[in-house]
Amino acid sequence: MIELKLRNILRQVKSKTPKKRYEALDQLFQYKHQDGLEVQMDVLKDIIKTAASKFPERVDQWDNPSFYLIDFVCDFPMPEVIESLIKYFDDFDLQAKERVIEFLLSTEDDDIFYFLEEKIVKLMQTEDFVIPARELASYPVLIKGILDASLDKLHSNHYKFKLYDLLLSLNKSSYEQGYKKETVLSFLLEDYQAVKQDYIKFNPEYSTKYVYSAWKDSYFVVRNQMRLFISLMEYYYTPQIGNELEMALDFRDPLIKTEALLVCIAKNLPFKQSTLLECAEHIESAEMAYWELCEKNLEHLYPIPEGKQPHLAKTRLFSTIINLPEDEDGIIRLPDDIQIIDIVDTENAYGQPVRYYLTSFREHGCVYAAWVGGYALEDGDDTANLWDGTYTDFVEFDSGSIEEHKQTFFKKRAEEKLEYENSVYYESSPKLSNGAWFYLALLITHWIRAAFTGFEGSLLPSIFFTLIGAALFIFEFTKNKKRNILITGQQLIKKDGSKQHSIGLHEIKKVEYNKKHVILYNKKNEIAFKFPLKWVRYELFYLHMKEHTAHLKERPFIQS
């Protein structure tokens, strides 16, 4: 049983021998990535208690049992787990606390948010805590509470930029735009000037090639900080800020230039049409310029009114390739001379029309084939919306004809579709009933008592009732093995012996549950089918359903 193995891991992670701790954490990692894993609540609580205890002195970065134990239990979002995490929070390692905070944010519970605000503010009294700015971005009320208590940390080099991230999220949410303007402005102008001086060192020699092949991380930090400050200037505007924006429009970095341009448009400041065209045409910023204008309901300003789809396809391929994981040999991925070769109009998994572009690009002297798409055609022939399936297998373009590349493309799609449709992403079966476990406990107690009394009297009744219990136990176990709830490909399936019901995930309108059943409704608001609540651990079922419907245009309501 998994519970016995996990309890053994809890003993091993306390070992004074680093090798044993390493092996235990490695085994825990394997279990964490095991699909459909279910663990008894008492074991999960023991894991949390152990994570809050003392461990031998660390010997390396991996040697942090508290974090890995907490990371494991965070895959089980049950109320009892949440309650236990809150109870023992103060005793966890710092990294474990950071993981708990990220996990508890997903509850979206007001009472828990009050708890988190208090703990985050307290942790910020140290210089080690990492603020989860990205995860906090969706919760402006919580952000404001944190900022109210910690805005003075803008002095801190450790917290400065995370606090600016929180300020940007708060302002973008419209919950409180221009939050503490005078205080923020004094820091913003000073910090921007410091970062701008770092950027100006790069500006004269800026080129896309240098950015991704030579400067890399040393430049990306400066670029991201510049973009962050310029984005904040939309909400903390002064005439002095206006002068800085005007200067930024002449910077050579297309992303920084586009950021400044968007703020100028938002503040009705003058800009050159040639600057807008430059941002829309550059391989690094074309897609950003388009989508940011769309978000502001200013798509009509985009200076490429026709043929934007093939134009944006080049940017999409560029960003896809430069963001691929680094090659084992350290080869730098930098596509050049991207060309649109041909078009394939087909359908996605939901029968919707999509378009893919066969493209070519040059890298290290070789010309490779790639596919960009699939662009959704339901909203028009030149739409920029896409179901992202952009990829390259780094096959040389001249290795086959255009038709052969297309045949390979369709073959790969067919293979991936078959694999997807046959992959089980979630599976749950009903557990043995409480009655079965109770009967088993009675039998065990009876036989222990009989052993202590020396098996006095006839054993036939005991054997008879034991055989009946075993038969019922095996019958229920066998029956439950034939009862399943599965997410397979795009289908939610209920199996009950030889009977099977299924519904496409995109056909589900809502999922509800009561004390006895989980009920699924189709788009006509009719009950498609229902199954007993005890067939699933609903918290896990809910998470899997959310995950596998998140990409849908019309996502179903799933009761939490």
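Select helix H1 (2–12), helix H4 (65–73) and helix H5 (79–88): they are among the elements that cover the buried residues of H3. The model is predicted, and this tour starts from that group of helices.

**Helix H3**

Now select residues 41–51, which form helix H3. Show the side chains of Met41, Val43, Leu44, Ile47, Ile48, Thr50 and Ala51, which are buried. Keep Leu44 highlighted and display its surroundings. Leaving aside residues up to four places away in sequence, Leu44 touches Val39, Phe72, Val73, Phe76, Met78 and Val81.

Widen the selection to the core. The largest nonpolar core has 128 residues, and Leu6, Leu44, Phe72, Leu85 and Phe92 touch the most other members. A second core, separate from that one, has 19 residues, including Leu505, Leu520, Phe541 and Ile558. The tour returns to Ile558 below, in strand S11.

**Asp71 in helix H4**

Go back to helix H4 and select Asp71, which is found there. Is Asp71 buried or exposed? Asp71 has a relative accessible area of 14%, so it counts as buried, the cut-off being under 20%. Next, show Lys32 and Arg99: Asp71 touches both, not counting residues up to four places away in sequence.

**Helix H17**

Move to residues 286–295, helix H17. Why is H17 described as largely enclosed by the rest of the structure? The description applies because 7 of its 10 residues are buried. To see them, select Ala286, Glu287, Met288, Ala289, Tyr290, Leu293 and Cys294.

Then add the packing partners. The buried residues of H17 lie against helix H13 (217–232), helix H15 (254–266), helix H16 (273–281) and helix H18 (308–322). Before leaving this region, select Asn297, just after H17, where phi is positive at about 60°.

**The sheet S10-S9-S8-S11**

Select the strands of the open sheet, 4 in number, in the order S10-S9-S8-S11, with mixed pairing. At the edges are strand S10 (527–532) and strand S11 (557–558), each of which pairs on one side only.

Take the S8 and S9 pair next. Strand S8 (residues 508–513) and strand S9 (residues 517–522) run antiparallel and are joined by 5 bridges. A hairpin of 3 residues connects S8 to S9. Two positions can be checked along the pair: Ile508 stands opposite Asn522 in S9, and Glu512 stands opposite Ile519 in S9.

Now look at S8 and S11. In which sense do S8 and S11 pair? The pairing is parallel, over 2 bridges. Select Val511 to find its opposite position, Ile558 in S11. Ile558 is also one of the residues in the second core of 19.

**The whole protein**

Clear the selection and show the full chain. The protein contains 22 helices and 11 strands. Its C-alpha trace spans about 100 × 60 × 50 Å along the principal axes. Of its 560 residues, 46% are buried. Among contacts with a separation of 6 or more, 61% are between residues 24 or more positions apart.

Switch to a surface display. The exposed area is about 30100 Å², of which carbon and sulfur atoms supply 51%. Finally, colour by charge: there are 69 positive and 86 negative charges, and their mean positions are 7 Å apart.

Methods: Residues numbered from 1 in each chain as written. Predicted model: local features only at pLDDT ≥ 70, side-chain atom pairs only at ≥ 80, totals over all residues. Heavy atoms only, no water. Buried < 20%, exposed > 50% of the residue type's maximum accessible area, 1.4 Å probe, protein only. Contact = heavy atoms within 4.5 Å. Areas by Shrake-Rupley, 256 points an atom, 1.4 Å probe, with all protein chains shown as cover. Lys, Arg positive; Asp, Glu negative; His and termini not counted. Charge placed at Lys NZ, Arg CZ, Asp CG, Glu CD. Pairing = 2+ DSSP bridges. Core = buried A, V, L, I, M, F, W, Y, C linked by side-chain atoms within 4.5 Å.
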